[in-house]
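Me: I should like a close look at one part of the structure below, namely its salt bridges and the residues that take part in them. Please also set that part within the chain as a whole.

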Amino acid sequence: MDIFDAIESEVRFYCRSWDVVFERAAGSTLYSEDGREYLDFFSGAGALNYGHNNPVLLRPLVEYLLSGSIVHSLDMKTVAKRRFLETFQELILKPRDLNYKVMFPGPTGTNSVEAALKLARKTTGRHTVVSFTNAFHGMTLGALAVTGNSMKRQGAGIPLTNTVSVPYDGFLDGEASDFLWLQRALEDTGSGLDKPAAVIVETVQGEGGLRAARESWLRRLSEICHEHGILLIVDDVQAGCGRTGTFFSFEAAGIVPDIVCLSKSISGFGLPLALVLFKPELDIWKPGEHNGTFRGHNPAFVTGTAALENFWQDRNLELKVAGLGAQLHEGLTQIASATEGARVRGRGLLAGIFYPDPSAAGKIAAESFSRGLLVETSGPNGEVVKTMPALTISAEDMRKGLEILAGAAAAVIGEPVVWRSVA
Ligand code: PMP
């Protein structure tokens, strides 16, 4: 028994599926201590959009640390924080005509969601938050209350209240018109629905099965929120920072949420950092009302600034992601077509395959690992093979990863995948 199995809690998760000891990583490749190479279609669950140890981020980080610059400073003013805020404003907010205040909560996605929920309730004076079937927003109590997964909800140990779950796009397989219940319930004072403070939504459900909301669906949701004075929170923790092709995943739909949650790849390097963005009129926080020791860590500001400067000055990365996305979706479509009822889900580089046999995806992910590829599963029963390669992956590594996945899928389902190269 190794030290991990001996003393690390039973709660450990990823290390059970990928039971090797990782030592080094570069770009889209991880190396275990016994020298094996693994191609990365997981990207730290979306925290490594620019790959591992990207030199354009690593260099300024090392220089910063060696120069004696300040590392920890709570939310004090620092040179690194000023550069990050200026760069975020110049390269992200201004070109998109977004007028948001920026808040640094604790450095995780779930903390960003907690802050967003608190602020929505505080500004509206209402308590109910509408969330969606199969949503995932994090593991702390407020975020769990808007999360769908029953196993994760049960972990709370107390009732998760003040929320209402409604069908996400595609949940009813087109059998009912979108938002029928929500609209009626909001309009009918006898519906029993307390007027909500906010609606919280992912544009693509990263953990809940990779369903991607249609642009028209998101626009309608935004309109309903607007009509009823309900705040719209987009949780862009996983789908943001370029994952679906644009910096914010909601840009294609042309909506402007009231509150946006960002984390995972906002530091670019895998260092913990989270942001909450909100319209200025919502900024009614009292100083220190949502405090924390690690709010805006300077090394994360340094790599976050370098990521914005290197990847978001122009549209090159967006164009690259569009090309890689087409390659990925073509490969996934070929793999899915070998199995009756299997379907490609997702958007951009957050995509995968739904299998009607819920055990298939887990077996394909395990088989992929034994062939040198990291892919995980998604969905309430782990029924979707989920791929999330780095936005900086080469077309050659994308092809290699898809070929491994195709081989693993063929081995598991016992049907050959008819494979045309997707270079
Ligand atoms: N929101 C979304 C959409 C997520 O995908 C995640 C993490 N998978 C979270 C929130 C929570 O982020 P964290 O694990 O950093 O708390």
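Reply: A residue is called buried when its relative accessible area is under 20%, exposed when it is over 50%, and partly exposed in between, with a 1.4 Å probe and protein chains only as cover. By this scale Ser-359 is partly exposed, at a relative accessible area of 32%. The structure is a predicted model, in which local features need pLDDT of at least 70 and side-chain atom pairs count only at pLDDT 80 or more, while totals for chains, interfaces and linings use all residues. Residues are numbered from 1 along each chain as its sequence is written, and side-chain values use heavy atoms, with hydrogens and water left out.

The whole chain comes before the part. It has 14 helices and 15 strands, where helices (H or I, at least four residues) and strands (E, at least two) are DSSP runs numbered from the N terminus. The radius of gyration, taken over C-alpha atoms, is 21 Å, close to the 22 Å that the globule rule gives for 423 residues, so the chain is as compact as a globular protein of that length. That rule is 2.2 Å times the number of residues to the power 0.38. Of the 423 residues, 53% count as buried. An automatic or database domain assignment gives domain 1 (60–311) and domain 2 (315–390 + 404–423). The contact between them takes 23 residues from domain 1 and 20 residues from domain 2, contact meaning heavy atoms within 4.5 Å. The centres of the two domains, taken over C-alpha atoms, are 27 Å apart.

Now the salt bridges. The term stands for a side-chain nitrogen of Lys or Arg within 4 Å of a carboxyl oxygen of Asp or Glu. A search of the whole structure finds 21 of them.

One pair is Arg-399 and Glu-403, whose side chains meet at 3.0 Å, N to O. The two residues are four positions apart in helix α14 (residues 395–413), which means that about one helical turn separates them. Arg-399 counts as buried at 17% relative accessibility, whereas Glu-403 is partly exposed at 30%.

A second pair is Lys-279 and Asp-258, with 3.2 Å from N to O. Lys-279 lies in the loop between β10 (275–278) and α11 (298–311), and Asp-258 in the loop between β8 (231–235) and β9 (259–262), so this salt bridge ties together parts that are 21 residues apart in sequence. Asp-258 is buried, with a relative accessible area of 14%.

A third pair joins Glu-227 to Arg-220, the closest N and O atoms being 3.5 Å apart. Arg-220 is partly exposed, at 24%.

There is also a network of salt bridges, which links Asp-5, Glu-10, Arg-12 and Arg-16.

Another feature may be set beside these charged pairs. Ile-3, Phe-4, Ile-7 and Val-21 make a nonpolar surface patch of about 390 Å². Patches are made of residues with over 30% relative accessible area and no salt bridge, with like charges joined within 9 Å and nonpolar side chains (Val, Leu, Ile, Met, Phe, Trp, Tyr) within 5 Å. Accessible areas come from the Shrake-Rupley method with a 1.4 Å probe; for residues, only the protein chains shown count as cover. Phe-4 lies in helix α1 (residues 3–7) and is partly exposed, at 38%.
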